[in-house]
Structures are given as C-alpha cells and as structure tokens.
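Hi everyone, thanks for making the time. I'd like to walk you through one model today, so please bring it up on your screens and rotate along with me.

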Amino acid sequence: MNAPTTRRLTVAQALVEFLAHQYTERDGRRRRLIGACWGIFGHGNVAGLGQALLESGEALPYLQGRNEQAMVHAAVGYARQCDRLSAQAVTTSIGPGATNLVTGAALATVNRLPVLLLPGDTFATRPADPVLQQLEVPHAGDVSVNDALRPVSRYFDRVTRPEALIPAALQAMRVLADPVDTGAVTLALPQDVQAEAYDWPEEFFADRVWRVARPAPDADALAEAVRLIRAARRPLLIAGGGVHHSEAEDALRAFADATGIPVASTQAGKGALRHDHPADVGGIGHTGTATADGLGREADLVIGVGTRYTDFTTASSTLFAAPGVRFLNLNIAPFDSHKLGATALVADARAGLEALGKELAGHRVAKEYEAGYAAAKAEWERRVDAAYDTADDSARPSQTQVLGLLDALVDDTDVLINAAGSLPGDLHKLWRARSRRQYHLEYGYSCMGYEIPAAIGVRLADPDRPVWALVGDGTYLMNPTEIVTAVQEGLPFTLVLLQNHGYASIGGLSEQTGGERFGTAYRFRAGDGRYTGAPLPVDLAANAASLGMHVLRAATVGELRAALAEARGAKRPTCVYVETETADTVPGAPEAQAWWDVPVAETATRPAALAARQAYDRQAAGRRRHL
C-alpha cells in the first residue's frame, strides 16, 4: 500500500492554500467561498500569514486596508452583494489589531453575513511571557484579547497545534456557508504556530464544495400556513433581508401578483419588490410609511418572510395592535421562525414562497382591501414628491432634497449604501428602490463608519455598478481612512458627504426624550460649558481631497444636481460635498409613523424631561406581548 501523499508547509501556508480551494454552490452556480484576504500586518501575522499570502501569489488575492474594523465592514459589504455565497477573510496582528475587529464582527453576526477573521495571537509555547501587546489575566493563563471575539462570532477556535487546523478550518467553512449559522467566524492563530511546519495530507488542499441547500417547508406546517392565509381578511407580508439572501424576489413578486397581499419591508428587505409594484407599500415600523404602518395596525395576519423582527420593525411591540392578530413566519432559521408566538414555516424563502403560491392557487384578498391600500400608497407617494421637490435651483438643499436629486438620477444598476444617523429613517420612508440590490442599509447594528468601506466591498463584488456612500459629517469623522484604499485600488465610488454640524439623528432623539440635544452638535463650547457657539471651522471636503478623492462642492440645489451627475460618471473615487439646510421651514421627510421605545428619565427637574416622560408613558401603554 502506498503511503498517503503529504506536503510540508507552515500552518499559515496550509491555511492560505486550503482557503483558495473552498467553493459554495447553489442552484448549480459555483463561487469562491473566500474571494480575497484583507490584511494589516504587525507582529503576530507578518511572518506567518503575511509570508504565506506573498508566497501564494494570486491564489488568494490580498487587499491592503487602513483600519481593522473597516476591513471587516468592506468584507461584509462584499458578502452581502454576493448574496452570502462568497466572503472575504481579514487578518490582523495581535493586540489592538485584533480588538479592532470586535465591532465589525458584531455587525457581521447581527446581520447574518459571513466574514472570516484571522487575528494573530500570543505564543502558544510561551517562550517569553508576556510578549508585546499581551493581555495578562492573573486567573487564566490561556486568555488573550482575542477572547473578546467569542460573543460576537458564530464560530471561534484557537489553533494551538498544527494538526488542529484541519478540523478548525473545516468547521469554519461549514459555518460561513450555512445560511442559518453564518456570521463572523474567528480562527485565532498564535504567531509561533503560524510559522510551524507540518506534513499535511494532500486531501486537505483538494477542491471542496459547500452546497447551499434550499430546504422546503414541512407538509403539515405548510398546510397550516395555507389555512391561516385563506382565513385572513387583512393579511400583511413583511419582507426581510432573507428574501434578498435567498434571491427570492421573483418568487415574492409572483406571490404578491397572485394573492394581492400587500408587501411591506424592513430596512434589510427594502427592494424585495420594486417601489412601483402595486403591492409594495414601503418600509414598516418606526421608520416606515404611513401606508405600511396603517396596514400593520389593522392586520389580522402578519406574514414575516426572512425577518428577525427588530424593535424598529415592530415599533417596540406597539405596531401590530389588532385584537387576535396572528403571525406566520417563513424563515430558514428556526430561531427567527418562532418569534412573536408565530406559526413557524421553517424553509428557504424562495422555496417557501413558491410552495405557498402553489397551494394558494386561486386565492386572493378582497378587492376592497386592495383598493384601500392602493389609495393609501398613492397618497404617500404625493408626500414623497413634496419632500423631494427641488424646483428652486438657488436654494440650499435639505437632506430629503438630496435624496430627491438622487432619485431623479439613478437607474436600476445603482447601489446606495448607508448605516446610521438620520438618513436611514428618510431612506426607509422615502427611497424608491428600483432593483433587488439598490438599497444597501446596514441597520441591524447601525454602525457609524460602515458606509465607505462597504462601498469598496460592493465595488469588489460588482465592479460595473455605480456605488453611492451616503454619509453625514458625524459618520465621516468616525472612519474616513478607507478612502485611501479606494484610491490605491482604483475603485471608483461616490461619497455624498452631508454636513449638518452634528449628530442630527441623535439630536432629534435627545430632544424627544428630554435631553434637549445635549452633546449632539459640533459647536464651540460657550462660557457655561454648553456647546452653543458657532459651528466649528472644519473643512471635511478638504480632508477628503487630502486623502485622494476628487471633490465637488455644491452650495445650491442646482449645483448639487450637476455635481451628482458628474460624479456618477466619474472613473475615480469622488466626493460630492454639500451643507444641508436644517431650518424647520424646509420641506422634509414625514415624521415617524410609529413609536420606538427609548426609556425617558422617570424623575427629573427640567420641564423638557418631565414632558417627555409623560409622552413616553402614553406610548408605552400600547406595548403588548404576542404569545
């Protein structure tokens, strides 16, 4: 008998070789599971993974980042654009490089998006103890800062021996490719183990395909779901991010065409139906439309498809108020399927919708119900038109007018990226999504600083699409560094930088909850310690230019219209900078159509807080448990 063939490689070299041969396959289409590896090198990965990536050439492409958190954001943007079928890896040094991954890992896991984290770790053999950047824990010698990644990872392992890499790497790929379990996956790699050689079986480096299945619903559960839908008089379907991840948009459209059931969307699900589809009623929840929220309050059956029902979607458990309202949840994850006391239909979103459509053949909601939501939809569109009105070219634009100018410019190919601030609310209520991937909102973690690196990830995944990163001044100051990466890699995208001199979203929330906008404006500190002076003389456009962007400044509606049109055709990273009007007289987005629970001080001395608490108590009285 011939001895098994082996290859002598370091742990780092073996891992890189292994990753280059991993694939996913769904519906007969095969893709690389790990498309590239981001990295910032220091001690802990420079002589291990750094050397291995250099040696591998283009087998596993390398991408250079400037900030570890931002590298994860870029990888997440890439994975989302790839429908979770392809991901990227991120490697860092030990110490601060590793801990900088935590926020990005949490974002990936909260949003159920795959990313592989490969932080360096302290010595497994402990030849010197402690080493540079090592966290000493007196009661636990096996703890390092990488343990901070455990609660934000879907899978975590520390590879302390070469042979341990084989099961750890296989488990890591399993989780990355699993639509139920996916999220951040961490393989902590002690720096001495990375450089250690081992005789690896050749089978470890063979092409391996991880098939992403489309599980069909159980027959009995499907029959119960059909019974509930047929019995409902005011059903409402809520499309979540799972519709996109499953590529179930065509199935959803066919379901809505056949049944007439209106479709609302979460932030992650927006665009599941085109905005002009008769059944699309827009965003649902605290940042939703009056149409969708009105239907939610009266619905006798809520059909959740691929949603995990965050508090923004349910208006903190106050939105679905009809007596006896029932829930039917179609979700590939049992954990989400059973929320709100629902009848669970555990299945892939596309497979489940197709099965429901087949069993519901001939069933349609009442004409009066369709006519009612059609009229409400038309009225809401008139409110959107008013918010988007840009007839006066000489005026300073408002934030909603910026969106109106973009709405008039883009087509089905454009992608808009946003994550935090006041823009998510305006976009969810107002934006007219034209295609399945146009609306790219990260609102599971709502992480400031996501937009610019995510734009890079989207461009890497889909190089032919115009990409817009919509960023307020607060978010820009959090994480502008990956502009340099876009310039270096020749990845054109447009940064629309809105300057309103502070945290507009939190300022509004502070005012509503009795905080009187304390600490939310970028202003000079006055003599009494409060920030009430003039805006700071900070030029964010000049900063973007210093990082390599081509900058277009726009002071009026007319100038902004021209700048956006020029930027869309640019072949280099371009920034459109605009100071937005904030005066109350400027048309803006309609106010929130549903509540959001942010507790207010129960006792206070200032009148604003006392009034806010009274309003809070009135709203909180409407909360209910759906059991």
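**A covered helix, and what surrounds it**

Let's begin with helix α17, residues 423-430, which is mostly covered: eight of its eight residues are buried. If you want to select them, they are L423, P424, G425, D426, L427, H428, K429 and L430. Notice that the list includes D426 and K429. As a reminder for reading helices, an α-helix has 3.6 residues a turn, so residues three or four places apart point the same way.

Before going further, please keep in mind that this is a predicted model.

Now zoom out to the whole chain. There are 24 helices and 23 strands in it. How does the radius of gyration of the chain compare with that of a compact globule? For 627 residues, a compact globule would come out near 25 Å, and the chain has 26 Å, so the two agree. Along the principal axes, the C-alpha trace spans about 75 × 70 × 55 Å.

Of the 627 residues, 56% are buried. On the contact side, take the pairs with a separation of 6 or more: residues 24 or more positions apart account for 76% of those contacts. The exposed area of the chain is about 25000 Å², with carbon and sulfur atoms supplying 52% of it.

For those of you who think about electrostatics, the chain has 61 positive and 72 negative charges, and the mean positions of the two sets are 4 Å apart.

Next, cysteines. A disulfide is a covalent bond between the sulfur atoms of two cysteines. How many disulfides does a search of the whole structure find? Zero. Two cysteines you can look at are C447 and C575. C447 has 7% relative accessibility and therefore counts as buried, the cut-off being under 20%. C575 is buried too, with a relative accessible area of 0%.

Let's move to a strand. L117 sits in β7, residues 115-121. Is L117 buried or exposed? Its relative accessibility is 0%, so L117 counts as buried. Leaving out residues up to four places away in sequence, L117 touches V72, V90, L101, A105, L149, A184, V185, T186 and L187. There is also a pair to mark here: L117 and C37 are 80 residues apart in sequence, while their C-alpha atoms are 9.5 Å apart in space.

If you follow the chain out of β7, you enter the loop that leads to β8, residues 155-158, and P130 lies in that loop. Most residues other than glycine have a negative phi, and most peptide bonds are trans. Please check the peptide bond from D129 to P130: that one is cis, with omega near 10°.

R126 is in the loop between β7 and β8 as well. With a relative accessible area of 45%, R126 is partly exposed. Beyond its neighbours within four places in sequence, R126 is in contact with G141 and D142. The C-alpha atoms of R126 and D192 are separated by 9.1 Å, with their positions 66 residues apart along the chain.

On to backbone torsions. A315 has a phi near 50°, a positive value in a residue other than glycine. Where is A315? Look in the loop between α12 (311-314) and β16 (326-331). A315 is buried, with a relative accessible area of 0%.

R517 is another case, with a positive phi of about 60° although it is not a glycine. You will find R517 in the loop between α21 and α22. R517 is partly exposed, at a relative accessible area of 38%.

My last stop is in that loop too. Y522 is found between α21 (504-512) and α22 (540-546). Y522 has a relative accessible area of 18%, and because buried means under 20%, Y522 counts as buried. Which residues does Y522 contact, leaving aside those within four places in sequence? They are D473, G474, L477, H501, G502, Y503, P535 and L536. One of them, H501, is 21 residues from Y522 along the chain, and their C-alpha atoms are separated by 5.2 Å.

That's my tour. Thanks for listening, and I'm happy to go back to any of these spots.

Notes
Residues are numbered from 1 along each chain as its sequence is written. This is a predicted model: local features need pLDDT of at least 70, side-chain atom pairs count only at pLDDT 80 or more; totals for chains, interfaces and linings use all residues. Side-chain values use heavy atoms; hydrogens and water are left out. Helices (H or I, at least four residues) and strands (E, at least two) are DSSP runs, numbered from the N terminus. The radius of gyration is taken over C-alpha atoms; the globule rule is 2.2 Å times the number of residues to the power 0.38. Buried means under 20% relative accessible area, exposed over 50%, partly exposed in between (1.4 Å probe, protein chains only). Contact means heavy atoms within 4.5 Å. Accessible areas come from the Shrake-Rupley method with a 1.4 Å probe; for residues, only the protein chains shown count as cover. Lys and Arg count as positive and Asp and Glu as negative; His and the chain ends are not counted. The place of a charge is taken as NZ of Lys, CZ of Arg, CG of Asp or CD of Glu. A disulfide is a pair of cysteine sulfur atoms within 2.5 Å.
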